[in-house]
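Good morning, colleagues. I would like to take a few minutes to walk through one structure, moving from a single helix to its surroundings.

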Amino acid sequence: MLAEIGDLSRFRTPHELMAYLGLVPSEDSTGDTVRRGSITKAGNGRARRMLVECSWSYQHPPRVGAHKQHKVDAAPPAVREIAWKAQCRLHKRYRALIRRGKLKTVAITRGRP
């Protein structure tokens, strides 16, 4: 992922990174009317595809398999805690979007209400 994106410090905000990847909704604005459409698909297609494909794993509850447990144990405790909280948060976000009636593909790609 980093080979495709490069130095992450060049993005001041997460929104700038998402815009670079083309994962922000397109917009059609006239006067007071704003319509949001599908993702723009601008930027690095390989990185966008990798990110979306990885996001599909968040439809399943977070857990660590026996074959990966030794890698998890090797990580520092602070890193493990951050990673576990992120997995739980992303799974919860996915489930909330699905409950609201979002299509699975939209919940995975956009992740916005």
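Just after helix α5 comes Gly-101, a residue with a positive phi, near 100°. Please bear in mind that this is a predicted model.

Let me turn to the helix that precedes this glycine. Helix α5 covers residues 77–99. Does its length agree with what one should expect of a helix, or disagree? At 1.5 Å a residue, its 23 residues should span 33 Å, and the C-alpha atoms at its ends are 33 Å apart, so the two values agree.

Which residues of α5 are buried? They are His-91, Tyr-94, Ala-96 and Leu-97. The buried residues of this helix pack against α6, which comprises residues 104–109. As a general point, an α-helix has 3.6 residues a turn, so residues three or four places apart point the same way.

I shall take two of these buried residues in turn, beginning with His-91. This histidine lies in α5 and has a relative accessibility of 15%; because the cut-off for a buried residue is under 20%, His-91 counts as buried. Once its neighbours within four places in sequence are set aside, His-91 is in contact with Tyr-58, Gln-59, His-60, Pro-61 and Pro-62.

Tyr-94 belongs to the helix α5 as well. Its relative accessibility is 4%, and it therefore counts as buried. With neighbours up to four places away in sequence not counted, Tyr-94 touches Tyr-58, Gln-59, Lys-104, Ala-107 and Ile-108. Tyr-58 and Gln-59 thus appear among the contacts of His-91 and also among those of Tyr-94. For a sense of distance, Tyr-94 and Gly-37 are separated by 57 residues in sequence and by 20 Å in space, C-alpha to C-alpha.

Tyr-94 also leads us to the nonpolar interior. The largest nonpolar core has 12 residues in all: Ile-5, Phe-11, Leu-17, Leu-21, Leu-23, Ile-39, Ala-47, Val-52, Tyr-94, Leu-97, Ala-107 and Ile-108. Which helices each supply at least two residues of this core? They are α2 (14–21), α3 (45–55), α5 and α6.

The next topic is a pocket. The second largest pocket has a volume of about 290 Å³. Its lining consists of Arg-63, Val-64, Gly-65, His-67, Lys-68, Val-72, Ala-75, Arg-80, Ala-83, Trp-84 and Gln-87. Which element gives the most to this lining? It is α5, with 4 residues. By character, the lining divides into 5 nonpolar, 3 polar and 3 charged residues. Helix α5 thus supplies residues to the largest nonpolar core and to the lining of the second largest pocket.

Two further residues deserve a place in this account. Lys-41 is found in the loop between β2 (33–39) and α3. Although Lys-41 is not a glycine, its phi is positive, at about 60°. Is Lys-41 buried or exposed? Its relative accessibility is 56%, so it counts as exposed.

The last residue is Gln-69, in helix α4, which runs over residues 69–74. Gln-69 has a relative accessible area of 33% and is therefore partly exposed. Gln-69 and Arg-95 are 26 residues apart in sequence, and their C-alpha atoms are 25 Å apart in space.

To close, I return to α5: its buried residues pack against α6, and Gly-101, with its positive phi, follows the helix. Thank you for your attention.

Terms used. Residues numbered from 1 in each chain as written. Predicted model: local features only at pLDDT ≥ 70, side-chain atom pairs only at ≥ 80, totals over all residues. Heavy atoms only, no water. Buried < 20%, exposed > 50% of the residue type's maximum accessible area, 1.4 Å probe, protein only. Contact = heavy atoms within 4.5 Å. 1 Å grid on protein atoms, 1.4 Å probe; cavity = no way out; pocket = protein on both sides within 12 Å on 5 of 7 lines; lining within 4 Å. Points joined across faces, edges and corners; volume = space filled by probe spheres on them. Nonpolar A, V, L, I, M, F, W, Y, C, P; charged D, E, K, R; others polar. Expected span 1.5 Å × (residues − 1). Core = buried A, V, L, I, M, F, W, Y, C linked by side-chain atoms within 4.5 Å.
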